[in-house]
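Please open the model in a viewer and keep the selection panel at hand. The tour below proceeds from whole chains to single residues.

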Amino acid sequence: MIRKVAVIMALALVGSALLYAVAKMPAMGDAGAPDKTYAMPRYVERGLEEAGNRSIPNDVFLNYRAFDTMGGVLALFAALCATMAVLGRSRRGHSLAGPDGSPVSSSTMLWTVARLLVPLTILFAAYVSLMGVNTLGYSLQSGTIIGGAIILLTLVFSLLETTRRIPPGFQVALESTGVLLFLGVGLLGVVLGAHFLTLSIPGIAGRSQQAGRAVLMYALDLGIGLCAAGIITSVVFSLMGEGEVEQ
Amino acid sequence: VKLSSNGFLRNLNYAVAVVIMLVGLYAVIARRSPVKKVIGLIVMQSSVFLFFVAMGLVGSGGKRVVTPGFRAATLINPVSHTLVLVGIMLSAGITALSLSLVVMMKSRQRRSASTEEAPSGDEDAPARLLHGVDP
């Protein structure tokens with residue numbers, strides 16, 4: 001009872017402070033608010049010509065602030081390493097409860113739908129990744145879509161079957177490709193005589209420069225997507241493998 | 001302290017984000033099950049993303065993809081969208097790490113319990129993990 005009262009009082013305290021701050025903030029959509037007068041004008045007005053992508057958040061994410069994005073990717077990779085250190089990489093899954101070894105009870109209809117759905121989902125992920133360069137979307141989302149497809153695959157056809165299709169060696173490659181691609185693109189700038197993560201190729205000009213920059217930005221984007229797909233796959237395998245060992 | 005209703009209505013999206021955050025905070029501090037605490041953390045993260053996206057709005061709406069001959073005034077704030085994107089990326093890592101810590105914690109508890117008394121049947125282990133009943 002005292003615990004409940006304490007919880008409610010804590011929530012009321014935090015909530016009233018936050019709601020007070022919210023009521024005092026500039027109105028939503030106010031173009032003169034401080035967050036829209038400092039960095040935003042430069043990005044919005046010159047993003048297309050300086051960074052070369054029609055989607056301005058993409059410009060900020062992959063070009064202006066690529067260093068910070070690299071920090072994000074490295075932090076994601078560090079989280080994956082910590083997860084692996086805690087859980088350990090799952091061995092090849094062994095069969096679980098049901099006669100067919102899948103955690104979900106077997107049904108021909110389920111299998112057929114999953115077999116139809118998984119390749120289409122991965123195709124959709126490729127579409128999101130390719131379209132994301134200049135429209136709405138990122139490889140990050142396509143990576144999570146691939147992760148979702150692999151979760152579906154693991155739930156319907158046991159961990160045994162899925163780890164047979166996606167062996168641990170391939171998982172290791174998938175996890176590290178993202179970070180290595182990011183660092184590789186960054187070092188390419190140094191090799192070509194500019195700075196780390198410059199995303200420009202000195203010595204060539206005009207249209208080929210723009211094309212080269214677009215390719216490098218897409219490579220960074222793809223690296224993030226692969227990193228996301230890798231972490232989701234490995235973590236799901238590890239967690240489900242842990243469940244199998246426990247039982 | 002005078003809270004004008006005008007201020008709340010103007011910033012209704014922010015207020016909703018605060019309420020969602022309080023729901024997450026409630027789950028974190030009032031629930032005993034570690035899995036539910038993790039869910040609360042995810043809810044809190046989502047409310048911050050919602051808040052940032054709402055803050056990036058310019059006017060009554062906006063675009064983020066520019067077309068030739070665009071007007072800069074019609075675009076949303078790209079900085080907040082970028083921050084949310086990085087946040088989503090990191091929240092996946094945080095969720096994975098905290099869930100793995102929950103799994104480790106539970107398996108240690110079970111191991112120490114099984115050394116004290118005779119090991120019993122473990123059929124309802126997932127249910128206990130979800131509801132946070134001590135073994």
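**The two chains**

Begin by selecting chain B, in which 39% of the 135 residues are buried. The model shown here is predicted. Colour chain B by secondary structure: 5 helices and 0 strands appear, so that the order of elements from the N terminus reads α-α-α-α-α. Among the contacts of chain B between residues at least 6 apart in sequence, 53% join residues at least 24 apart.

Next, select chain A. Of its 247 residues, 40% count as buried. Chain A contains 9 helices and 0 strands, and from the N terminus its elements run α-α-α-α-α-α-α-α-α. Here, residues 24 or more positions apart account for 70% of the contacts with a separation of 6 or more.

**Where a helix of one chain meets a helix of the other**

Select residues 2-24 of chain A, which form helix α1, and residues 12-30 of chain B, which form helix α2. How far apart are their axes, and at what angle do the helices pack? The axes are 10 Å apart, and the angle is about 155°. Because angles over 145 degrees count as roughly antiparallel, α1(A) is described as roughly antiparallel to α2(B). The crossing of α1(A) with α2(B) is right-handed.

Now display the side chains at this contact. From α1(A), show A:Arg3, A:Val7, A:Ala10, A:Leu11, A:Val14, A:Gly15, A:Leu18, A:Leu19 and A:Val22. From α2(B), show B:Tyr14, B:Ala15, B:Val18, B:Met21, B:Leu22, B:Leu25, B:Tyr26, B:Ile29 and B:Ala30. Sorted by class, the residues of this contact are 16 nonpolar, 1 polar and 1 charged.

**A helix pair within chain A**

Move to residues 108-131 of chain A, helix α5, and add α6(A), residues 139-156. The two axes come within 8 Å and cross at roughly 170°, which makes α5(A) roughly antiparallel to α6(A). On the α5(A) side, the residues to pick include A:Leu110, A:Trp111, A:Leu117, A:Phe124 and A:Val128. Among those they meet in α6(A) are A:Gln141, A:Ile145, A:Ile146, A:Leu152 and A:Val156. The contact of α5(A) with α6(A) comprises 15 nonpolar, 5 polar and no charged residues.

**The largest nonpolar core**

Which residues of the largest nonpolar core touch the most other members? They are A:Phe61, A:Val73, A:Leu140, A:Phe182, A:Leu220, A:Ile224 and B:Met89, within a core of 34 residues. In chain A, the helices α3 (56-64), α4 (66-87), α6 (139-156), α8 (168-191) and α9 (207-246) each supply at least two residues of this core, as does α4 (78-116) of chain B. The greatest contribution comes from α9(A), with 12 residues.

Centre the view on A:Leu220. Apart from neighbours within four places in sequence, A:Leu220 is in contact with A:Leu62, A:Ala66, A:Phe182, A:Val185, A:Leu197 and A:Leu199. Another core, of 13 residues, lies apart from the largest one; its members include A:Val7, B:Leu25, B:Met44 and B:Ala54.

**Three single residues**

From A:Leu220, step to its contact A:Leu197, which is found in the loop between α8 and α9 of chain A. The phi angle of A:Leu197 is near 60°, a positive value in a residue other than glycine. A:Leu197 has a relative accessible area of 7%, and it therefore counts as buried.

Then select A:Glu175 in helix α8 of chain A. Is A:Glu175 buried or exposed? With a relative accessible area of 6%, A:Glu175 is buried. Its contacts, leaving aside neighbours within four places in sequence, are A:Phe77, A:Leu80, A:Met84, A:Arg89, A:Gly230 and A:Ser234.

Finish in chain B with B:Phe52, located in helix α3 (residues 34-55). B:Phe52 counts as partly exposed because its relative accessibility is 25%. Beyond its neighbours within four places in sequence, B:Phe52 is in contact with B:Ser80, B:Leu83 and B:Val84. As a last step, draw a C-alpha to C-alpha distance from B:Phe52 to B:Ile39: these residues are 13 apart in sequence and 20 Å apart in space.

Terms used
Residues are numbered from 1 along each chain as its sequence is written. Chains are lettered from A and ligands numbered from 1 in the order in which they are written. This is a predicted model: local features need pLDDT of at least 70, side-chain atom pairs count only at pLDDT 80 or more; totals for chains, interfaces and linings use all residues. Side-chain values use heavy atoms; hydrogens and water are left out. Axes are lines fitted to C-alpha atoms, for helices over the stretch in contact, and angles run from 0 to 180 degrees between N-to-C directions. Helices (H or I, at least four residues) and strands (E, at least two) are DSSP runs, numbered from the N terminus. Angles under 35 degrees count as roughly parallel, over 145 as roughly antiparallel, 65 to 115 as roughly perpendicular and the rest as oblique. A crossing is left-handed if the near helix is turned anticlockwise from the far one by less than a right angle, and right-handed if clockwise. Contact means heavy atoms within 4.5 Å. Ala, Val, Leu, Ile, Met, Phe, Trp, Tyr, Cys and Pro count as nonpolar, Asp, Glu, Lys and Arg as charged, and the others, Gly among them, as polar. A nonpolar core is a set of buried Ala, Val, Leu, Ile, Met, Phe, Trp, Tyr and Cys residues joined through side-chain atoms within 4.5 Å. Buried means under 20% relative accessible area, exposed over 50%, partly exposed in between (1.4 Å probe, protein chains only).
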